[in-house]
Amino acid sequence: MADTPKSVAPRDGSVSRPPTAFEYGYDKSFRALTFAAGFVTIALLVYIFWKIGGQAAPAMQKYGLDFLTTVKWNANTNEYGILAEIWGTLYSSFLALLFGGVLGVAVAIFLTQGFLNARLAWIFRLIVEMLAAIPSVVFGLWGIYVLIPAIRPLAHWLHETLGFIPFFSTNLAGPGMFPAMIVLSIMILPTVAAISQDAFKAIPMKIQEAAYGMGTTKWEAIRKVIIPTASGGIFASLVLGFGRALGETMALAMLIGNSQQVTLSLFAPATTLASLLASTFPEAGANQIGPLMYAAIVLLVITMAVNIIGTIIMNYTARQTVT
Amino acid sequence: MKIGNFSKGAKVVAIAAAMVVTGTVAQAQSVNLTGSGASFPFPLYSAWFKDFGQKTGIQVNYQAKGSGGGIEDFTNGVVDFAASDAAMSEEELAKIEGGVVMLPMTAGEIVLAYNLDGVSELKLPRDVYPKIFLGEITKWNDAEIAAANEGVELPDETITVVVRSDSSGTNFNFTNHLSAISSDFESKVGGGKTVPWPNASNFVAAPGNQGITATIKQTPGAIGYIEYGYAQQTNTPYAMLENQAGNFVKAGPEAGSAALASAELDENNVAFIVDPAGDDSYPIATFTWMMFYKDAGQDAAKVDALKQMIEYGLTTGQTMADKLGYIPLPENVVETDKKSMEEIGG
């Protein structure tokens with residue numbers, strides 16, 4: 001062992017040497033590969049926009065902005081409007097965020113703030129992350145066969161006793177906003193939990209120690225120090241979870257009832273953009289393709305905007321913790 | 001082993017070469033057919049094609065992507081045949097150079113399946129069920145339903161109407177029937193593959209026959225329209241409907257055949273039986289079609305295989321229909337089909 005450096009070192013006594021031609025080539029091709037991968041991603045996005053936009057353009061000219069503000073889908077008279085879909089997409093995602101978000105952040109606190117020993121926390125984390133691996137259609141079936149029968153009595157009771165509140169103004173028949181929202185909450189839970197866990201872990205130990213050093217209880221430390229410090233990351237996790245909820249298709253197409261209406265009621269059937277696309281596209285005639293592509297563009301824009309905002313917030317808070 | 005395989009391969013090549021040279025009838029055995037379209041007759045077609053493939057060696061690949069998708073594929077020339085529950089419109093036919101041969105291959109009934117605890121027999125008069133699908137009757141114990149069902153205890157429950165969320169031939173036939181018997185329905189909703197159902201909170205939409213069946217089974221108080229075969233296979237109860245003659249008829253092979261008997265095919269072999277006459281006719285029955293190219297430039301072996309397939313469907317195939325929940329074609333329709341199929345390939 002002692003004589004190995006001697007045998008490697010060149011005669012002039014230096015251990016360094018210029019890279020070989022192979023190493024240069026290797027480096028260069030790796031660089032080229034990463035650049036190519038990056039550009040392909042961007043090119044793909046542009047291509048998708050361009051292609052769908054191209055097919056949507058005639059419908060955009062024909063229906064204009066009225067398309068976004070009317071509730072109508074009649075292939076026989078060629079009248080289309082997607083206000084109900086836009087409303088349903090945003091409303092279901094917002095409700096899912098309300099429930100899934102709170103739950104996700106709570107799970108993240110539970111798993112990072114020393115409530116469990118490391119091994120148990122690891123198992124819990126694994127289980128939460130496994131939720132993300134369940135296919136959407138399985139969630140949909142679970143919703144139809146397990147969830148809806150289970151929540152029907154509760155929904156019925158809420159409608160009977162609190163029916164004067166707009167949220168409970170109709171009775172839950174089966175598919176509707178409420179079951180869709182619950183399933184959607186479960187689906188965004190892993191996203192929210194994973195990203196907020198990272199935010200909590202990024203808090204320097206010193207800050208927590210300082211809080212405890214000042215004599216706070218655990219609850220006080222979490223509420224007044226840790227959550228505010230991680231707030232940027234938590235917010236980003238919520239925005240990304242929202243983005244995930246917006247684009248969810250199969251489970252919603254199976255559970256939301258696909259009825260074009262704009263209502264606050266949680267127990268009424270509604271519809272979403274993704275579910276409209278999924279259920280109408282396979283048998284759409286030529287006259288429906290344009291409006292469907294237009295709806296696809298609207299969904300794409302909404303989802304992208306939400307994701308971009310989330311990423312910006314995340315970057316912004318990441319910079320803040322460094323300085 | 002390798003040598004064995006090689007010699008086997010060589011033999012196949014030799015036989016193929018011999019066939020090309022001599023041009024024997026056996027050529028048909030190496031032919032594959034592709035088709036796409038309607039999902040409603042798929043259970044029957046897949047049974048046909050499996051049996052047909054075993055008997056003749058002709059493989060038929062059929063994709064049940066829906067009537068609309070099938071017509072699209074057919075127009076683009078990527079399939080050998082297509083299937084549709086709504087046949088093809090004049091507009092669609094005009095896009096196909098050389099013309100189209102349309103053959104009704106089987107028929108089905110659309111039933112109103114429901115989910116009501118303890119109600120095993122339900123009668124729906126013809127002025128009542130359009131109102132349910134217009135959202136005008138919303139309670140099961142509505143006086144108009146109760147009047148037709150004396151002795152049946154109907155619950156004070158909201159009727160959840162389950163409709164199709166996707167464009168479909170079933171929608172087309174069902175809504176055309178409703179439009180035919182109710183002028184109110186015609187003006188407010190109308191007939192078509194997708195229609196603007198009333199936006200009421202007791203209306204939910206589900207994709208496909210399976211989707212509607214599952215939703216009905218899971219929702220107490222639900223009613224929806226599905227193909228007879230789906231109701232039969234899943235043991236879902238369905239209502240007796242009042243026909244044009246004023247009789248309450250339950251869907252089934254006899255009632256279906258009676259409805260088809262009144263059909264008169266036009267020169268394209270198309271007939272929509274929106275409201276069949278006859279004492280025993282079930283009111284909502286429909287043919288479903290296969291479409292073939294008339295074009296003379298087709299591969300002769302393929303045309304021959306297609307004709308064999310049609311022949312099989314019209315003979316052996318018809319005997320399977322009943323078991324799977326479809327109606328066998330009336331004798332006169334089979335005869336028309338046999339005559340028309342000669343036009344395939346010029």
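This passage describes the cores, strands, chain contact and salt bridges of a predicted model.

The nonpolar cores make a good starting point. In soluble globular proteins, nonpolar side chains tend to be buried together. In this model, the largest nonpolar core has 71 residues. The residues with the most contacts inside this core are A:I82, A:F200, A:F267 and A:L273. Helix α12 of chain A, which spans residues 286-322, supplies the largest share of the core, 12 residues. The surroundings of A:F200 can be followed residue by residue. Once the neighbours within four places in sequence are set aside, A:F200 is in contact with A:V105, A:A108, A:I109, A:T112 and A:Q113, and also with A:I226, A:I227, A:A230 and A:I234. There is also a second, separate core of 58 residues, and B:M88, B:F287, B:A301 and B:V303 are among its members.

Chain B offers a clear view of a strand covered on both faces. Strand β3 of chain B runs over residues 81-84. On one side of β3(B) lie B:F81 and B:A83, on the other B:A82 and B:S84, and all four are buried. Strands of a sheet pair through backbone hydrogen bonds, either parallel or antiparallel. For β3(B), both senses can be found. Strand β1 of chain B (residues 32-37) pairs with β3(B) in the parallel sense, over three bridges, and within this part of the structure B:G35 has B:F81 in β3(B) as its bridge partner. Strand β11 of chain B (residues 285-293) runs antiparallel to β3(B), and four bridges join the two. Here B:A83 of β3(B) stands opposite B:M290 in β11(B). B:F81 and B:A83 are thus handy landmarks for a reader tracing the strands: B:F81 is the bridge partner of B:G35, while B:A83 faces B:M290.

Another sheet in chain B is open and has three strands in the order β5-β9-β10, with mixed pairing. Its edge strands are β5 (123-124) and β10 (248-249) of chain B, each of which pairs on one side only. Strand β9 of chain B covers residues 240-242 and pairs with β5(B) in the parallel sense over two bridges. In β9(B), B:M240 is the bridge partner of B:K123.

Turning to the contact between the chains, 28 residues of chain B and 26 residues of chain A take part. The area buried between chain B and chain A is about 2100 Å², and carbon and sulfur atoms give 48% of it. On the chain B side, B:N199, B:S201 and B:Q218 lose the most area to chain A, together 26% of what that side buries. The rule finds zero salt bridges across this interface, but four residue pairs are in polar contact there. Elements of chain B that give two or more residues to the side touching chain A are α3 (67-76), β7 (203-206) and α9 (208-218). The largest share of that side, four residues, comes from β7(B).

Side chains of opposite charge can pair when their charged atoms come close. Over all chains, a search of the whole structure finds 12 salt bridges. One of them joins B:D275 to B:R126, with the closest N and O atoms 2.8 Å apart. This pair links distant parts of the chain, 149 residues apart: B:D275 sits in the loop between α11 (253-261) and β11 of chain B, and B:R126 in the loop between β5 and α5 (129-133) of chain B. Both B:D275 and B:R126 are buried.

Two further salt bridges involve the segment after α14 of chain B. B:E343 and B:K294 meet through their side chains at 3.5 Å, N to O. B:E343 lies in the segment after α14 (331-340) and B:K294 in the loop between β11 and α12 (300-314) of chain B, 49 residues apart. B:E343 has a relative accessible area of 37% and is partly exposed; B:K294, at 31%, is also partly exposed. The other salt bridge pairs the side chains of B:E342 and B:K307 at 3.9 Å, N to O. B:E342 is in the segment after α14 of chain B and B:K307 in helix α12 of chain B, with their positions 35 residues apart in the chain. B:E342 is partly exposed, with a relative accessible area of 47%. Finally, salt bridges that share partners join B:E136, B:D184 and B:K188 into one network.

Conventions
Residues are numbered from 1 along each chain as its sequence is written. Chains are lettered from A and ligands numbered from 1 in the order in which they are written. This is a predicted model: local features need pLDDT of at least 70, side-chain atom pairs count only at pLDDT 80 or more; totals for chains, interfaces and linings use all residues. Side-chain values use heavy atoms; hydrogens and water are left out. A nonpolar core is a set of buried Ala, Val, Leu, Ile, Met, Phe, Trp, Tyr and Cys residues joined through side-chain atoms within 4.5 Å. Buried means under 20% relative accessible area, exposed over 50%, partly exposed in between (1.4 Å probe, protein chains only). Contact means heavy atoms within 4.5 Å. Two strands pair if DSSP finds at least two bridges between them. Buried area is the accessible area (1.4 Å probe) that two parts lose on being put together, summed over both. A salt bridge is a side-chain nitrogen of Lys or Arg within 4 Å of a carboxyl oxygen of Asp or Glu. A polar contact is a pair of N or O atoms within 3.5 Å; within protein, one must be able to donate a hydrogen and the other to accept it, and residues adjacent in sequence count only if both atoms are side-chain atoms.
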